[in-house]
Amino acid sequence: MRFFSHFGKYFIMLKGMISKPENSKLYWKEFMHQCSEIGMGSLGIVCIISLFMGAVSALQTAYQITSPIMSKLIIAQIIRDTVILEFAPTLICIVLAGVVGSKIASELGNMRVSEQIDAIEIMGINSKTYLIMPKIAAALVTIPMLVILAMVLGIYGGRLTVGISGIISTETYDRGLKELFIPYNVFFAMMKAYTFAFIVSSIPAYFGYYVKGGSLEIGRNSTKSVVVTCVVILFADYILAALLL
Amino acid sequence: MIEFKNISKHFDEKQVLQDVSHIMYSGKTNLIIGTSGSGKTVLQKCLVGLYEVDGGEIIYDGLSFTKMNDEEKKMLRQQIGMLFQGSALFDSMTVEGNVKFPLDMFTKDKESEKIKKVNEVLERVNLVGTNNKLPSQLSGGMKKRVGIARAIVLNPKFLFCDEPNSGLDPQTSMLIDKLIHDVTIEFNMTTIINTHDMNSVMEIGNNIIYLKDGKKEWTGNSKDIIFSENKNLNDFIFASEFLQDAKQMRMLEAKGKKI
């Protein structure tokens, strides 16, 4: 019963968010600010995770391919496909659920508890449109970009590792990348990136916007928002894979 | 002028407001007083539409607020300023940013004109030179004054203040009271203040409504309070011996007897 109550309230929030901005210039400024917060703020962690994701994939794939009759090109292909199909969109968005999601939930929660949201409403401004919409729009713009970057860096991390450890030459790795490449996989990954970007921004916004209580509840709701976001991402991952692959 | 008729509001099982009716006049400081939990804040939040009322009607200058649609309420709210108990300043913005925010949102003035207006309002609340400070760098009294500056920057017709003196020393409280009283007269606003500060009641209470357990118990002005025989009101206002003595002195003064 409580699940349906949250579900309904979440959609009411999304519906309430859609209204004509009072001043487009100010909303644009807020959107750009959020792009910088979400995009630039997560850039470092995304780069580090992506490089290591590719590097570890390379080592573990090479470790499992022991048969001499198997082509070494397959190492590059496995890294490419796992990074594009799963690691870059899903793993990065789960990390972003922690980095961006908790920030959105605690920021809005703090604004709610300190009556800043009420202050915005009293001024005759739709607080949902002003506070939530720019965050979701910014996430929809920046998170797919971060996912593309994660794909490139993941594959590059694998290349660096195979080159340094001498598993295969970088030329072989590059050749492997080009062979049996399916462009649809990138489209599928981008579909996932957009879906997850929406989830990563809207669910924590819901938990933050409707906080009741004090700082303890802000912390609790922030943690809850990250857990729920991760579960919903994994659920959506399964649905998308079943529908689109 | 704000008139409210038979306002009722409940949360879960608890009836917080029950058939509260009153008229708040323009150009006057209208006070809502009562003990903690008597429904003052809920009444004020109902009046500005932050809470939906269960029953009753709220009328702003002849227009029924309760019957307005969201867009009409939004338009009316642009004529409302509110000072919150915790000031509710935007943490990420400077004093100037906070005060300029309503101007940025609702006016098409040039940047220089907005800054001029901000400086005028900051001067009005005695905060000249604090433009670039963040809320975290301000004292409680300064935050309240920035809150007042932000609330009056668009020259609102209605000003709501939720416990403007909470957490302030008596001297700063009096300054805030005087400031609110002065701007009310200056801009001919309808000002509604929630308070349980006795100084405020006696100094600026032009029109007072006393709430007890969500019901209107008494109404009058600061002079009427002295002669009131309402036991609940007297117990609340003149709770200490010092205040009881003060009441006796004022009564004698009013009757023209020597103390």
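# Helices, core and contact in a predicted model

Reader: How far apart are the end C-alpha atoms of helix α1 (residues 2–17) of chain A?
Author: Helices here are DSSP runs of H or I of at least four residues, and strands are runs of E of at least two, numbered from the N terminus. Helix α1 of chain A has 16 residues and, at 1.5 Å a residue (taken times one less than the number of residues), should span 22 Å. The end C-alpha atoms agree with this, with a separation of 22 Å.

Reader: How many of the 16 residues of α1(A) are buried?
Author: Burial is counted from other C-beta atoms, placed from the backbone, within 10 Å: 20 or more is buried, 12 or fewer exposed, and in between partly exposed. Helix α1(A) lies largely in the open, because its number of buried residues is one.

Reader: What is the mean pLDDT of chain B?
Author: This is a predicted model, in which local features need pLDDT of at least 70 and side-chain atom pairs count only at 80 or more, while totals for chains, interfaces and linings use all residues. Residues are numbered from 1 along each chain as its sequence is written, chains are lettered from A, and ligands are numbered from 1, in the order in which they are written. In chain B, 96% of the residues reach 70 or more on this scale of predictor confidence in each residue, from 0 to 100. The mean for chain B is 88.

Reader: Which ipTM does the predictor give the complex?
Author: The predictor gives two scores for the complex. The pTM is 0.87, and the ipTM is 0.85.

Reader: How many helices does chain A have?
Author: Along chain A from the N terminus, the elements run α-α-α-α-α-α-α-α. The C-alpha atoms fill a box of roughly 70 × 40 × 30 Å along the principal axes. Chain A has zero strands, and its helices number eight.

Reader: Which helix gives the largest share of the largest nonpolar core?
Author: A nonpolar core is a set of buried Ala, Val, Leu, Ile, Met, Phe, Trp, Tyr and Cys residues joined through C-beta atoms within 7 Å. The largest one has 123 residues, and A:Ile92, A:Ile143, A:Val200 and B:Ala149 touch the most other members. The largest share, 17 residues, comes from chain A, from helix α3 (residues 73–113).

Reader: Is B:Asn194 buried or exposed?
Author: B:Asn194 lies in strand β8 (residues 190–195) of chain B. Leaving out residues up to four places away in sequence, its contacts (C-beta atoms within 7 Å) include B:Ile32, B:Lys40 and B:Cys161. Because 24 other C-beta atoms lie within 10 Å, B:Asn194 is buried.

Reader: How many C-beta neighbours inside 10 Å does B:Lys73 have?
Author: B:Lys73 belongs to helix α2 (residues 70–77) of chain B. Not counting residues up to four places away in sequence, B:Lys73 touches B:Gly49, B:Phe65 and B:Met68. B:Lys73 counts as partly exposed, because its C-beta neighbours number 16.

Reader: Which helix gives the largest share of the side of chain A that touches chain B?
Author: The contact takes 13 residues from chain A and 16 residues from chain B. On the chain A side, the largest share is five residues, and these come from residues 116–122, helix α4.

Methods:
Contact = placed C-beta atoms within 7 Å.
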